[in-house]
Amino acid sequence: MSASKTRVTRLFKGGDGRWVYTAENVKGVQSQSILREEENEFPHERVKKWMSDPKLITWISWGDKTWVIIANRMDHDVKVPKQELYVGNEFPERQIQGAWRSNYRVSFINYCNNKWVLVTEENITAAVGQTLSTFDDIEQVKGEIRNLWDKNKAVQFLVHGEGKWLVISQQMDGVPGQAFTANSDWPMDKISQYFKSQKYLTCIAYHFQEEFWAIVASPLPGGQSLATTEQFPYEKIKSIENIYFYGLRE
């Protein structure tokens, strides 16, 4: 059985100038490739090459005028699911619904550099029951999250883009045990409380127009390391075993 190793899971740049870095103990990941691309156009060629390698695309974001992409090379004994990528100006509801009909699930979604980026992934085990909702304001989001929890559904993705909030949830066997907060300042006190309760950051979103953070914390079996930095956290990243870095480093 594959051993757990520390792997980078999120590299998010908020509107307050803060980079948020998370790393977690993850099973089955042999190595990671991280790209920082200074071109405004999305680096399709590199990403498609990684996907055909095959590597799994696990993170896409935009910060300091660079694309930031994480790809995982899985251990030899891990079956690698097929992935599909969408990058475009149109909200990808059609692509999401089509993925679900084809027994794929949403494995990543974000809105960055004025584009929606969506990664869908084939279900190689039991089908994952996901649902999609959109809302105009954060109060509606809060109400929806409470409703989801009452139905034993966990918030899997929370994204703000084009003036709307997107929530993708996943059916759970029991109570999700999640927490949610929205704050104009980085909510370190609340995050510290979450960590003490063994709940860790699983969704990080920022409303760039109204300037506030929205965060979902969830139980994670291997825990999580968290750091915030003014500059891209290259020093944190390069300390991790089997990381291959491409593009801009500083």
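Visitor: Is Glu162 buried, partly exposed or exposed?
Guide: This is a predicted model, and here Glu162 has a relative accessibility of 44%. Buried would need under 20% and exposed over 50%. Since 44% falls in between, Glu162 counts as partly exposed.

Visitor: And where does Glu162 sit, and what is its phi?
Guide: Look in the loop between β10 and β11 (164-171). Glu162 isn't a glycine, yet its phi is positive, at about 55 degrees.

Visitor: Which loop holds Asn152, and what is the phi there?
Guide: Asn152 lies in the loop between α3 (138-150) and β10 (153-161). It counts as partly exposed because its relative accessibility is 24%. Asn152 is not a glycine either, but its phi is positive, at about 60 degrees.

Visitor: What about the peptide bond from Asp53 to Pro54, cis or trans?
Guide: Pro54 is in the loop between α1 (44-52) and β4 (56-63). Omega for the bond from Asp53 is near 0 degrees, so to speak the signature to look for, and the bond is cis.

Visitor: Which strand gives the most to the largest nonpolar core?
Guide: That core has 40 residues, and Val8, Leu11, Ile57, Ile60 and Ile237 touch the most other members. The top contribution is 5 residues, and it comes from strand β5 (residues 66-74).

Visitor: How many residues are in the other core, the one lying apart?
Guide: Its members include Val141, Trp165, Phe212 and Val216. Altogether, that core has 15 residues.

Visitor: Leaving aside neighbours within four places in sequence, what is Ile237 in contact with?
Guide: Ile237 is one of the residues touching the most other members of the largest core. Its contacts are Val8, Leu11, Tyr21, Ile34, Phe232, Ile243 and Phe245.

Technical notes
Residues are numbered from 1 along each chain as its sequence is written. This is a predicted model: local features need pLDDT of at least 70, side-chain atom pairs count only at pLDDT 80 or more; totals for chains, interfaces and linings use all residues. Side-chain values use heavy atoms; hydrogens and water are left out. Helices (H or I, at least four residues) and strands (E, at least two) are DSSP runs, numbered from the N terminus. Buried means under 20% relative accessible area, exposed over 50%, partly exposed in between (1.4 Å probe, protein chains only). A nonpolar core is a set of buried Ala, Val, Leu, Ile, Met, Phe, Trp, Tyr and Cys residues joined through side-chain atoms within 4.5 Å. Contact means heavy atoms within 4.5 Å.
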